[in-house]
Amino acid sequence: MFKKIVVGISGGVDSAVAALFLRNKGFNVTGVFMKNWDIKDETGVCQVEEDYEHAQWLCDKIKIPLVEANFVKEYWNHIFCYLTEQYENGRTPNPDVLCNKLIKFDHFYKFARTELRADAIATGHYVRTSFGSYLERFVPNADVKLYRARDKKKDQTLFLSQVPQEALRSSMFPLGDYLKTDVKQIAREAGLDVIVRKKESYGICFVGKRNFPSFISEYIPEKPGELVDLDDGRVVGNHSGFHHWTVGQRLKLPNHQFRYFVYKKDAETNNIIVVRGTNHPALYTDFLTTEPPHWISSEPKEFTSFGRMLNCHFRFQHKDSLVPCIVHKDSKNQLLIRINQPLRAITNGQFAVLYNDEECLGSAAITYCGPSYFSLGRELRSEDQNQKLDEGQKQTADRTIC
């Protein structure tokens with residue numbers, strides 16, 4: 001049933017090993033390199049050029065053809081313009097979720113099926129589905145379910161939590177049952193050391209790793225405001241725009257005895273409200289609301305019952321642990337989520353992703369976070385205060401305002 005497979009080749013080790021697995025399984029494999037960004041970085045380098053060279057080297061090595069697909073216009077119109085608008089308005093979007101929904105599992109999927117006549121597509125994502133790694137359990141006219149990867153540290157179901165059912169039904173994920181360490185070792189044994197030695201790709205989806213404040217300022221005008229201490233209302237500094245900062249991030253303010261962190265961006269005054277200390281109770285909440293959700297397979301049956309309540313698990317950051325929650329659907333199809341413990345720095349614009357054991361049910365964009373433990377006058381337990389900063393906060397924790 002599935003013979004011709006088009007696999008997305010990024011130039012990295014994950015897509016390389018996925019392509020290798022497909023070829024070794026005897027599929028008729030074609031690699032596609034997606035060109036989605038073509039602007040050089042601040043050093044004059046366009047990362048896409050190096051990635052394409054590695055993709056071509058890989059395809060020559062394992063003897064499969066490589067095709068380039070240009071989605072620069074689609075990425076700019078559907079992802080990057082939305083991204084800058086969200087940052088400018090004080091929200092924190094997740095471009096990786098949108099890239100998968102609108103580029104990889106929409107434009108790339110349609111290109112593979114219509115232009116290349118593929119039976120299915122494949123990627124190097126660390127996820128699993130109910131249809132199997134190679135669609136060996138495919139069932140016509142049945143919905144496919146999305147499951148967490150075997151490697152829980154690399155699991156990427158959060159990033160695929162908005163993917164449409166049509167594309168997911170025709171997608172192979174050869175790495176879902178493998179650990180990242182195993183994937184690297186397989187690549188070495190296959191003589192793909194050039195790819196293995198590449199650094200992991202982090203940063204904005206397809207744009208790559210950048211000096212973020214400098215990069216984003218090229219596209220969003222500076223809009224200065226004040227930094228206001230939540231506890232006493234004092235102005236403790238100034239900022240040059242919402243887009244430089246995210247909730248929970250540390251601001252290194254000179255000549256201040258306190259360590260300040262971003263609590264809230266006030267769109268009416270253009271001020272950023274800051275708090276003293278990384279575990280200030282204003283940074284924590286156990287309640288949020290969302291836009292209407294995207295269910296990957298189908299809406300949970302619990303919402304058709306009288307109570308319209310779902311007990312499941314929640315996360316909003318890729319590497320966070322799953323936390324039990326109760327979800328209610330209101331009459332407007334919006335979700336009200338009560339988490340069983342306070343979480344730090346939940347932010348408008350990010351995605352609330354819901355799970356039932358290993359299954360990723362779907363996700364919804366967060367519209368409201370709170371009330372905070374500070375506004376409720378509640379204290380944090382010691383175990384709540386020991387939550388680690390997520391990776392994004394670690395990377396930006398030492399920015400200094402000048």
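Just after helix H2, Lys-63 takes a positive phi of about 60°. Helices (H or I, at least four residues) and strands (E, at least two) are DSSP runs, numbered from the N terminus. The model is predicted, and for this reason local features need pLDDT of at least 70 and side-chain atom pairs count only at pLDDT 80 or more, whereas totals for chains, interfaces and linings use all residues. Residues are numbered from 1 along each chain as its sequence is written, and side-chain values use heavy atoms, with hydrogens and water left out.

## Helix H2 and its surroundings

Helix H2 covers residues 47–62, which makes 16 residues. The expected span of a helix is 1.5 Å times one less than its number of residues. For H2 this gives 22 Å, and the end C-alpha atoms are 23 Å apart, which agrees.

The buried residues of H2 are Val-48, Asp-51, His-54, Ala-55, Leu-58, Cys-59 and Ile-62. Seen down the helix axis, these buried residues fall within an arc of 135°, so they line one face of H2. The arc is that of the directions from the helix axis to the C-beta atoms. Buried means under 20% relative accessible area, exposed over 50%, and partly exposed in between, with a 1.4 Å probe and protein chains only. The face of H2 turned away from the buried side carries the exposed residues Glu-53 and Asp-60. The buried residues of H2 are covered by elements including H1, strand E2 (28–35), strand E3 (66–70) and helix H7 (193–196). Contact here means heavy atoms within 4.5 Å.

## Helix H1 and Tyr-134

Helix H1, one of the elements that cover H2, runs through residues 13–24. Its 12 residues reach 16 Å from the first C-alpha to the last, close to the 16 Å expected at 1.5 Å a residue. H1 is mostly covered, with 10 of its 12 residues buried. Among them are Val-13, Asp-14, Ala-18, Phe-21 and Leu-22. H1 is followed by Gly-26, which has a positive phi near 95°.

Two of the buried residues of H1, Phe-21 and Leu-22, are touched by Tyr-134. Tyr-134 lies in the loop between strand E5 (127–129) and strand E6 (146–148). With 16% relative accessibility, Tyr-134 counts as buried. The C-alpha atoms of Tyr-134 and Leu-22 are 8.3 Å apart in space, although the two residues are 112 residues apart in sequence. Not counting residues up to four places away in sequence, Tyr-134 also touches Lys-25, Phe-27, Met-172 and Pro-174.

## Residues in loops

Two asparagines have a positive phi although neither is a glycine; the table sets them side by side.

| Residue | Phi | Loop | Relative accessibility |
|---|---|---|---|
| Asn-141 | about 65° | between E5 and E6 | 81%, exposed |
| Asn-255 | near 65° | between strand E10 (250–251) and E11 | 81%, exposed |

The loop between E19 and helix H9 (382–385) holds Pro-371. A cis peptide bond joins Gly-370 to Pro-371, with omega about 0°. Leu-380 is also placed in the loop between E19 and H9. At 12% relative accessibility, Leu-380 counts as buried. Leu-380 and Gln-341 are 39 residues apart along the chain, and their C-alpha atoms are separated by 9.7 Å.

## The second largest pocket

The second largest pocket holds about 560 Å³ of space. On a 1 Å grid over the protein atoms alone, a pocket is an open set of points where a 1.4 Å probe fits, with protein on both sides within 12 Å along at least five of seven lines; lining residues have an atom within 4 Å of a point. Of the 23 lining residues, the closest to the centre of this pocket are Tyr-263, Lys-264, Lys-265, Asn-348 and Cys-369. Strand E11 (260–266), strand E13 (284–290) and strand E19 (359–369) each give two or more residues to the lining. By class, this lining has 11 nonpolar, 9 polar and 3 charged residues.

## The chain as a whole

The chain has 10 helices and 19 strands. Of its 402 residues, 54% count as buried. Among contacts between residues at least 6 apart in sequence, 68% join residues at least 24 apart.

Methods: Grid points are joined across faces, edges and corners, and a volume is the space filled by probe spheres set on the points. Ala, Val, Leu, Ile, Met, Phe, Trp, Tyr, Cys and Pro count as nonpolar, Asp, Glu, Lys and Arg as charged, and the others, Gly among them, as polar.
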